[in-house]
Amino acid sequence: MTFTSALPPGPEVSYPQAVSPLVFLPGAGGRAAFWKPVADRLSDLGPAHLVAYPGFGDLPADPSVRSLDDLYRWLVARLPSGRCHLVAQSMGGVLAARLAVERPGRVDRLVLCATSGGVDVRRLGGAEWRDGFRAARPEVPDWFELDRTDLTGRLGAIRAPTLLLWSDIDPVSPPAVGRFLTARVPGSRLVTIAGGSHAFAAERPDEVAPHLRAHLTPAVASGA
């Protein structure tokens, strides 16, 4: 399987019946390890799949994946069967938001973290990140950073309960982006992490994981 699953269910783990698996999508770094600190803290919620993108270090390049559209189709073909919870960082949020729009029956709950969500981040004050990323990761494919997918007009079709996690000082995806998405994704909720960098989800898992837990287990969190 081309997912990197850091948390395979072991014989000692008992999950509730009909639990939705958690699927974690990284950003432009494309590596499964980004979400592992958070996934480790949520291991009791169900099986977790930490996705790595082909050609970004964890998986060899796939000649059929030459654009974000190709990666989207690659991802859809490898999702666990049935519904899943989707948790996405940065550019991975474009894939997650598109999946929630186009295949609502596959997405139980959605978490978008420091992402563009398929909107024009530069117009909302986001700093240009692509030059620095290319200098730091010259070995990875360039199609991911060149993508300009625009889902602005389709965000209202998202029906999955959505948590938006943002830093209040992230220059790449500033708070204005989170507010923009909150206004367009029905029923979404924005949570701001004070002082976090663009990679705060990986850097501060003890702060981030409880927000995901509350969102993914609302009945438990409310005492129902």
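This passage looks at the nonpolar core, helix H2 and the largest cavity of a predicted model. Local features were taken at pLDDT of at least 70 and side-chain atom pairs at pLDDT 80 or more, whereas totals for chains, interfaces and linings use all residues. Residues are numbered from 1 along each chain as its sequence is written, and side-chain values rest on heavy atoms, with hydrogens and water left out.

A good place to start is the core. The largest nonpolar core (buried Ala, Val, Leu, Ile, Met, Phe, Trp, Tyr and Cys residues joined through side-chain atoms within 4.5 Å; buried means under 20% relative accessible area with a 1.4 Å probe, protein chains only) has 72 residues, of which Phe24, Leu25 and Leu212 touch the most other members. Helix H3 supplies the largest share of this core, seven residues. Setting aside residues up to four places away in sequence, the contacts of Phe24 (heavy atoms within 4.5 Å) include Trp35, Val38, His49, Val87 and Leu212.

Helix H2 spans residues 68-78 (helices are DSSP runs of H or I, at least four residues, and strands of E, at least two, numbered from the N terminus). Its buried residues are Leu68, Asp70, Leu71, Tyr72, Trp74, Leu75 and Val76. Among the elements covering them are strand S2 (22-25), helix H3 (92-102) and helix H5 (143-146).

Leu68 also lines the largest cavity, together with Asp69, Val94, Leu95, Arg98 and Thr149. H3 gives the most to this lining, with three residues.

Note on methods:
Buried < 20%, exposed > 50% of the residue type's maximum accessible area, 1.4 Å probe, protein only. 1 Å grid on protein atoms, 1.4 Å probe; cavity = no way out; pocket = protein on both sides within 12 Å on 5 of 7 lines; lining within 4 Å.
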